[in-house]
Amino acid sequence: MPVMKRSEDGSLLIPADLLGPLGLAPGDRVAVEADAEGRLVLTRSAAREPSAEGSLRQAIARKNLETPMQFIKGVGPKMAEILARKGIVTVEDALYLLPNRYEDRRQVVPMNRLRPGETCVFTGEVVSADVVTTKGGRRFFEVMARDASGVMSFKWFNYHAAFMRKAWQPGRRGIFTGQVTQYGLQREVHHPDVDWLAEGEAVEAAMARDPVGFGRLVPVYPLTEGLNQKALRKVMKEVVDRFAPCVESALPARVIRERALLPLAEALGAVHFPAADADPRALEEGRDPAHRTLVFDEFFFLELGLALKRRGVTLEQGIAFSVNHTYTKPLLKLLPFALTEAQRRVLAEIKADMMAPHPMHRLVQGDVGCGKTLVALLAALVAVENGYQVAIMAPTEILAEQHYLNIHRWCEQLGVTVALLTSSLKGKARAGALERVARGEAQIVIGTHAVIQDKVEFHRLGLGIVDEQHRFGVLQRGLLRKKGENPDILVMTATPIPRTLAMTVFGDLSLSVIDELPPGRTPVETKICTDSRRRQVYGIIRDEVGSGHQAYVIYPLVEESEKSELKAATQMAEHLANDVFPDLRLGVLHGRMKPEEKEAVMRSFKEREIDILVSTTVIEVGIDVPNATVMVIEHAERFGLSQLHQLRGRVGRGSATSRCILMASDRLSDDGVKRLRVMESTTDGFRIAEADLEIRGPGDFLGTRQAGIPDFRVANILRDGRILEEARAEAFDLGGRDPELRAPGHEPLREELARRWGGRLELAGVA
């Protein structure tokens, strides 16, 4: 057996006489891994790097992919400008502008075999063309065409009559493409594409002139004003043919083999211009091998970045807290109730993280009213017991104030000092608060993003708690961490985040779920009502108040806008007070009020001095009034489902039966009705969140297009959840084995990760 020697970098050198039998060549680098049966498997690295030839080839390919679109045949300055507005600046950008559907133009169909709902290619001769006016006075341009088998009607509803008459002259022959629809007994095509035939020209010859547009599955790209499919297709064919071969996969060869992935260049070619025998439905649904390869590749690098980010956190030196119960046990004795099993479980997970010597990064998810704030306070008291300060950051002043009122009430009895720090705190009061924080006298500091501003200095920050994480980006989380020496970070959200979204946006965080409501909570009955039933709705409010309960009425705006018919809180409060409930006590709450005004209104409502609270969405989170049993939400169709679920969570907090009434427009669309029916059918926050995510997409679901939401070029986190799980498993496995990506063959991985996600995920260590 030939003897193997070690090289200077520690790797084993394989003797030359073994290379041939192993299928290797001089310069190849291989990894040795065990398969499922324990047999050793040699895997060739992505390339024979770092040979000068290989590095030069890669550098040229990368440079080619950076070619500006204006230098591509068929793209002039005007088209380059239009493409740039869509974010297509280089040929690499264009390669990832994928078709959103495909038209099957593989064969010409006779007119009598055209089926409604199908997009087909057919030929014929124009018989007539003119403007038609219906009995109701509606005008459209209609063309009748025929072939040997039958006739077909074409219609345009937006047209220039003179231009249309000139183009669609009787006797002219063409190749037509369009979707067939049926109205009554008549089949018709609206706005068909046309390629005119020259005098005496055969159909086959005309189709052969345009191999990109006929005889194949033809890509249909997302367009913007000033672009048309035909021109864009020709440009994309040029880009794919010339530049797709420059795209190389940086994935490890083992992953490519075991996950049955295609080479990236081949996948890009197949997605843009599929083979003649491809399945168009599989392509459109992203189920074909080419789409799967591109999606896996995209997810893998994001998840690898998140894996290294989490791994980096575990490798960093943090604070190893001890749990000595100085404050936590006395607090539990003060509470008039016991913790739920779910609260106990999550608290145990948090304590285990806090006792570890590396920084905690944990996301706590829990539905409205599950008791997250109490769990956060107990975690905060663990830090205070160890002589550290705690920062609690909330997205709005009203929520920060609400936290302050709740937490301050308990902490005062324990002898723990709590300070409130918001942007409305001015002058001497602000200076005094900042000084108490800097000296360490303020043990728990509660505030908005004001907490992470430059002027705020902590004496000894040990724990940062971020509430309603979906309002904060990764950046703000990072700024909070910089206020101390690697403090623990606890993130809380009442917005149930679907698993796929949690894996992409919060993939660097460990996850805890409080999946149990405290005893005594009653499910909220939800009903959709339209304006025609308004009198009955007001009757329900009056009945509830008459039986000693209270009500919320929620509006989307503070003041009436000239451009919107939405009912506004201030005007409607006046209307309700003067015209509908003159004998009842009404209060108004909205975001433009001063903090002390908001606090006074909330206190009055809580102490039953107000019967009906008219409010904007500022009450979405944080207000706890068990006596409120009915909520009416005006213009419910204007809210996201998750926001409606948050609002609904303000009622049903006591033992009395509670109701949520969704007031919607009489002209509500089918889609609008479908959305609101989700609210009627379930109180399960996760089901609602999944439905909301499907309807609105990830960016809008989280409230803003904030830093931290990945901009996927190919992947769709709803459609591709299974691929995401596979990619995440591979990425976390690799990140666990080689957290610095320094192993042989991982250089391309490190470079690709730095290029794609280094800046976005603050992965300076991999560059």
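The following conversation goes through several assignments in a predicted model and asks on what grounds each is made.

Visitor: Why is K351 said to have no salt bridge?

Guide: A salt bridge requires a side-chain nitrogen of Lys or Arg within 4 Å of a carboxyl oxygen of Asp or Glu, whereas the nearest side chain of opposite charge to K351, that of E385, is 7.5 Å away; the criterion is therefore not met, although K351 is buried. K351 lies in helix α13, residues 341-355, and, leaving aside its neighbours within four places in sequence, is in contact with V323, H325 and V382.

Visitor: What makes β15 and β19 the edges of the open sheet?

Guide: The sheet has 7 strands in the order β15-β16-β14-β17-β18-β13-β19, with parallel pairing. β15 (418-421) and β19 (510-514) each have a single partner strand, so one side of each is left without a neighbour in the sheet. From one strand to the next, the twist averages 20°.

Visitor: How do you know that β15 and β16 count as paired?

Guide: Pairing requires at least two bridges between the strands, and β15 and β16 (residues 444-447) are joined in the parallel sense over 4 bridges, so the requirement is met. One of the residues involved is V418, whose bridge partner in β16 is I444.

Visitor: Which strands does α13 touch as it packs on the sheet?

Guide: Helix α13 touches β13 (361-366), β17 (461-467), β18 (488-493) and β19, and its direction makes about 155° with that of β19. Helix α15 (residues 397-414), for its part, lies across β14 (389-393), β15, β16 and β17, running at about 170° to β15.

Visitor: What makes β5 and β12 a pair, and in which sense do they run?

Guide: Here too the threshold is at least two bridges, and 4 bridges join β5 (residues 101-104) to β12, the two running antiparallel, so they qualify as a pair. D104 stands opposite L217 in β12. From strand β12 (residues 217-220), L217 and P219 point one way and V218 and V220 the other way, and all are buried.

Visitor: Why are the buried residues of α3 assigned to the same side of the helix?

Guide: The buried residues of α3 (residues 77-85) are M79, A80, I82 and L83. They cover an arc of only 160° around the axis, which puts them on the same side of α3. These buried residues pack against α7 (229-243), while the face turned away from them carries the exposed residues P77, K78, E81 and R85. After α3 comes G87, whose phi is positive, near 85°.

Notes
Residues numbered from 1 in each chain as written. Predicted model: local features only at pLDDT ≥ 70, side-chain atom pairs only at ≥ 80, totals over all residues. Heavy atoms only, no water. Buried < 20%, exposed > 50% of the residue type's maximum accessible area, 1.4 Å probe, protein only. Lys, Arg positive; Asp, Glu negative; His and termini not counted. Contact = heavy atoms within 4.5 Å. Axes fitted to C-alpha atoms, helices over the stretch in contact; angles between N-to-C directions. Arc of directions from axis to C-beta.
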